[in-house]
Amino acid sequence: MASMRKIVVFGKPGGGKSTLGKVIAGKADIPLHALDLVEFEAGGNRVAEHIYLERHADILRQDAWLIEGFGSLATFRQRLAEADTLIYVDRPMWQHCWWVSKRFILSPFRKPEGWPEKSPLLRSTVTSWLNLYRGRKLWTSEFRKKIESHAPHKNVYVIASDRDVAGLMKDIEDRRRAGRI
């Protein structure tokens with residue numbers, strides 16, 4: 001069984017990746033890196049690509065990390081190659097849509113988890129909705145099968161429900177007790 005020191009959490013917008021990543025990083029005692037904070041500055045402006053790539057490479061060189069988000073396709077592939085644990089958040093589409101909407105509704109009262117300070121909430125929410133719509137070509141059953149095909153060499157978790165989250169948390173706790181994290 002692979003270790004759990006280099007973890008990627010990814011999936012469609014509004015699936016709870018940031019919250020899940022924060023909990024896992026705390027339980028596994030490893031640094032959390034939200035890609036939105038790596039890729040964007042306060043106010044929501046994207047950093048120059050060379051800066052993003054440099055930041056990303058610096059994270060991958062660390063002994064332990066949890067990277068939450070998608071970023072570019074090239075850096076996503078790098079993370080998949082380097083990670084020992086893949087956590088794909090693939091909840092029902094209605095739930096992703098509702099949670100993106102709910103995040104926007106609640107945003108005046110609390111900053112969304114893992115977002116840069118002063119993020120443009122309306123623009124970011126519209127982008128999330130567009131990414132959900134456009135992502136139908138990416139987030140397919142074939143994509144899921146490709147992720148699951150890493151299972152012989154990596155820890156692979158697909159989160160489609162709260163029951164899956166509970167199973168992941170139990171596995172992390174069991175590994176921690178056994179000293180395998």
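In this predicted model, lysine 118 is in contact with Gly43 and Gly44, once its neighbours within four places in sequence are left aside. Lysine 118 belongs to the loop between helix 5 and helix 6, and its relative accessible area of 71% makes it an exposed residue, because exposed here stands for values over 50%. Proline 13 lies 105 residues away from lysine 118 along the chain, and the C-alpha atoms of the two are separated by 19 Å.

The two helices on either side of that loop can be taken next. The axes of helix 5 (residues 93-106) and helix 6 (residues 121-134) come within 10 Å and cross at roughly 175 degrees, which makes helix 5 roughly antiparallel to helix 6, since angles over 145 degrees are counted in that way. On the side of helix 5, the residues that take part in the contact are Met93, His96, Cys97, Val100, Ser101, Arg103 and Phe104, and they meet Leu121, Leu122, Thr125, Ser128, Trp129 and Leu132 of helix 6.

From the helix pair the reader can turn to the sheet. Five strands form an open sheet in the order 2-3-1-4-5, with parallel pairing. Strand 2 and strand 5 (155-159) are the edge strands, each of them pairing on one side only, and neighbouring strands of the sheet are turned by 15 degrees against each other on average, when direction is ignored. Strands of a sheet pair through backbone hydrogen bonds, in either a parallel or an antiparallel sense.

Strand 1 has pairings with strand 3 and with strand 4. Strand 1 and strand 3 run parallel and are joined by four bridges; within this pairing, valine 9 has glutamate 68 of strand 3 as its bridge partner, while valine 8 is partnered by isoleucine 67 of strand 3. Strand 1 and strand 4 also run parallel, and five bridges join them, with isoleucine 7 standing opposite threonine 85 in strand 4. Strand 1 is mostly covered, as six of its six residues are buried: Lys6, Val8 and Phe10 lie on one side, Ile7, Val9 and Gly11 on the other, and both faces are covered.

Strand 3 shows a similar picture of burial, with both of its faces covered. Trp65 and Ile67 are buried on one side of strand 3, and Leu66 and Glu68 are buried on the other. Strand 3 pairs with strand 2 as well, in the parallel sense and over three bridges, and in this pairing histidine 33 stands opposite isoleucine 67 in strand 3.

Which strands does helix 1 touch where it packs on the sheet? Helix 1 (residues 17-28) touches strand 1, strand 2, strand 3, strand 4 (85-89) and strand 5, and its direction makes about 165 degrees with that of strand 1. The 12 residues of helix 1 should span 16 Å at 1.5 Å a residue, and the end C-alpha atoms are 16 Å apart, which agrees. Lys17, Ser18, Leu20, Gly21, Ile24, Ala25 and Ala28 are the buried residues of helix 1; seen down the axis of helix 1, these fall within an arc of 160 degrees, so they line one face of the helix. They pack against strand 1, strand 2, strand 3, strand 4 and strand 5, and against helix 8 (162-177). Just after helix 1, aspartate 29 takes a positive phi of about 55 degrees.

Helix 3 also lies on strands of the sheet, extending across strand 1, strand 2 and strand 3 and running at about 145 degrees to strand 3. Helix 3 (residues 49-60) has 12 residues and reaches 16 Å from its first C-alpha to its last, close to the 16 Å expected at 1.5 Å a residue. Tyr52, His56, Ile59 and Leu60 are the buried residues of helix 3, and they cover an arc of only 100 degrees around the axis, which puts them on the same side of helix 3. The cover over these buried residues includes strand 1 (6-11), strand 2 (32-34), helix 2 (35-39), strand 3 (65-68) and helix 4 (73-82), whereas the face of helix 3 turned away from its buried side carries the exposed residues His50 and Glu54.

How values were computed
Residues are numbered from 1 along each chain as its sequence is written. This is a predicted model: local features need pLDDT of at least 70, side-chain atom pairs count only at pLDDT 80 or more; totals for chains, interfaces and linings use all residues. Side-chain values use heavy atoms; hydrogens and water are left out. Helices (H or I, at least four residues) and strands (E, at least two) are DSSP runs, numbered from the N terminus. The expected span of a helix is 1.5 Å times one less than its number of residues. Buried means under 20% relative accessible area, exposed over 50%, partly exposed in between (1.4 Å probe, protein chains only). The arc is that of the directions from the helix axis to the C-beta atoms. Contact means heavy atoms within 4.5 Å. Two strands pair if DSSP finds at least two bridges between them. Axes are lines fitted to C-alpha atoms, for helices over the stretch in contact, and angles run from 0 to 180 degrees between N-to-C directions. Angles under 35 degrees count as roughly parallel, over 145 as roughly antiparallel, 65 to 115 as roughly perpendicular and the rest as oblique.
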